[in-house]
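Morning, everyone. I have one structure to go through, and I will take it from the outside in. Please have the sequence and the 3D view open.

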Amino acid sequence: MSAKLGDEPLGWVLREAQEEAEAARHGYFGVEHLLAVLARGRSRLVAEVLADHGVTYERARDAVRVVVGSGRGDGPAWGAAVLLGTLGIDFDKVRRQVQARFGPDAIDELYASPVGWNLRPRGPLCGPQVTPQFKQAVHNAVGRCWDRDKVPPQLEERLLLGALDVDSAGLRGVLAELDVSPLGLRQRVAATLRIAS
Amino acid sequence: MDQATDLAEAATHDDPEVGLAAVVALRGLLEQLEALQVKAAREQGWTWQRIAQALGVTRQSVHKKYAAGRLWGRRS
């Protein structure tokens with residue numbers, strides 16, 4: 001079975017990272033957004049490690065917005081809503097009309113239907129796209145099978161470590177904005193994983 | 001004023017990077033809207049010929065783009 005974005009049990013990571021990007025109107029979601037998600041405190045250990053480095057959710061979110069908004073992220077700074085807005089198009093209104101006319105799951109159903117089989121599932125109505133760095137971070141954390149039933153223990157710690165191990169200019173920028181040493185943070189997360197395992 | 005509004009205002013200047021990205025977004029949106037309408041038309045029993053006429057393209061081009069199973073030579 002092939003892995004797919006949004007599959008459980010990793011679905012929450014993807015959904016929350018995508019929501020983080022959508023809230024900021026970014027054109028993609030990447031490991032920068034993953035850092036903000038992990039800083040929300042779902043894992044007490046990760047939240048403590050980040051807090052020890054002065055990283056709270058609010059600070060991480062703001063740093064991500066500064067870095068991505070200034071074009072230093074791993075993908076396009078502006079999402080469809082902003083870009084279409086420059087043309088006078090209210091994308092949120094278009095999306096609402098599409099949902100009202102075709103149903104809330106119309107886009108997912110389109111690409112799963114015979115009419116959409118030959119199409120690539122991308123475009124403004126699909127939401128921000130994931131970066132290769134994010135995929136690599138998840139790969140680092142759980143291996144290639146994102147959709148397997150069991151994920152390793154300490155998933156959040158592994159995701160943070162996986163994110164710190166990818167080559168991401170965006171994440172480096174965010175950590176610099178937060179005045180956090182990537183190496184120091186990585187060592188601390190790795191130590192936390194060793195202690196707990 | 002929120003960040004999106006700030007960005008939208010900043011993007012109204014004559015920056016080709018922004019303008020081209022907006023065109024790409026518009027093209028992507030049009031493609032998705034077209035696909036949704038084609039799916040709806042097929043569900044209502046429209047033929048490929050009728051869809052092609054409505055879109056102002058040839059039957060072959062719309063069939064090639066949307067007809068599932070074309071790789072296996074299926075006809076519909």
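Chain A exposes about 9,500 Å², and carbon and sulfur atoms supply 50% of that surface. Keep in mind throughout that this is a predicted model. For chain B, the accessible surface comes to about 5,000 Å², with 54% belonging to carbon and sulfur atoms.

Let me stay with chain A for its overall form. Its C-alpha atoms fill a box of roughly 55 × 40 × 25 Å along the principal axes. A compact globule of 197 residues would have a radius of gyration near 16 Å; chain A has 18 Å, which agrees. Buried residues make up 49% of the 197 residues in the chain.

What is chain A built from? Its secondary structure comes to 11 helices and two strands. Along the sequence, the order is α-β-α-α-α-α-α-α-β-α-α-α-α. If you take the contacts in chain A between residues at least 6 apart in sequence, 72% of them join residues at least 24 apart.

Chain B, for its part, has four helices and zero strands, in the pattern α-α-α-α. Of its 76 residues, 32% are buried. In chain B, residues 24 or more positions apart account for 23% of the contacts with a separation of 6 or more.

Now the interior. In general terms, nonpolar side chains in soluble globular proteins tend to be buried together. Which residues touch the most other members of the largest nonpolar core here? They are A:Leu34, A:Leu35, A:Leu50, A:Phe134, A:Leu160 and A:Leu185, in a core of 47 residues. Take A:Leu35 as the example: leaving aside residues up to four places away in sequence, A:Leu35 touches A:Leu50, A:Leu160, A:Leu171, A:Val174, A:Leu175 and A:Leu178. There is also a second, separate core of 30 residues, which includes A:Val98, A:Tyr111, A:Leu119 and A:Leu125.

Two of the residues I just named, A:Leu34 and A:Leu35, are in helix 2 of chain A and are buried there. Why call that helix enclosed? Eight of the eight residues of helix 2, residues 31-38, are buried, so the helix is largely enclosed by the rest of the structure. The buried set is not purely nonpolar by name: among them are A:Glu32 and A:His33.

Next, the rings. How many aromatic pairs does a search of the whole structure find? One, over all chains. The pair is A:Phe29 with A:Phe134, edge-to-face, at 5.3 Å centre to centre and 75° between the planes. A:Phe29 lies in strand 1 and A:Phe134 in helix 8 of chain A, so the pair ties together parts that are 105 residues apart in sequence. A:Phe29 is buried, at 3% relative accessible area, and A:Phe134 is buried, at 0%.

Another long-range approach involves A:Leu10, in the segment before helix 1 of chain A. The C-alpha atoms of A:Leu10 and A:Val138 are separated by 8.9 Å, with their positions 128 residues apart along the chain. A:Leu10 counts as buried, at 2% relative accessibility.

Two arginines sit over tryptophan rings, one in each chain. In chain A, the charged end of A:Arg42 is over the ring of A:Trp12, 3.7 Å from its centre. In chain B, B:Arg50 lies over the face of B:Trp46, at 3.7 Å from the ring centre.

On backbone geometry, most residues other than glycine have a negative phi. A:Arg25 has a positive phi, near 65°. A:Arg25 lies in the loop between helix 1 and strand 1 and is partly exposed, with a relative accessible area of 26%. A:Gln154 also has a positive phi, about 55°. Its place is the loop between helix 8 and helix 9 of chain A. Is A:Gln154 buried or exposed? The cut-off for buried is under 20%, and A:Gln154, at 18% relative accessibility, counts as buried.

Last, one place where chain B meets chain A. B:Lys39, in helix 2 of chain B, touches A:Glu109, A:Leu110, A:Ser113 and A:Val115. At 14% relative accessibility, B:Lys39 counts as buried.

That is where I will stop.

Methods
Residues are numbered from 1 along each chain as its sequence is written. Chains are lettered from A and ligands numbered from 1 in the order in which they are written. This is a predicted model: local features need pLDDT of at least 70, side-chain atom pairs count only at pLDDT 80 or more; totals for chains, interfaces and linings use all residues. Side-chain values use heavy atoms; hydrogens and water are left out. Rings of Phe, Tyr and Trp (its six-membered ring) pair if their centres lie within 6.5 Å; planes under 30 degrees apart count as stacked, over 60 as edge-to-face and the rest as tilted. Buried means under 20% relative accessible area, exposed over 50%, partly exposed in between (1.4 Å probe, protein chains only). A charge sits over a ring if NZ of Lys or CZ of Arg is within 6 Å of the ring centre and within 35 degrees of the ring normal. A nonpolar core is a set of buried Ala, Val, Leu, Ile, Met, Phe, Trp, Tyr and Cys residues joined through side-chain atoms within 4.5 Å. Contact means heavy atoms within 4.5 Å. The radius of gyration is taken over C-alpha atoms; the globule rule is 2.2 Å times the number of residues to the power 0.38. Accessible areas come from the Shrake-Rupley method with a 1.4 Å probe; for residues, only the protein chains shown count as cover.
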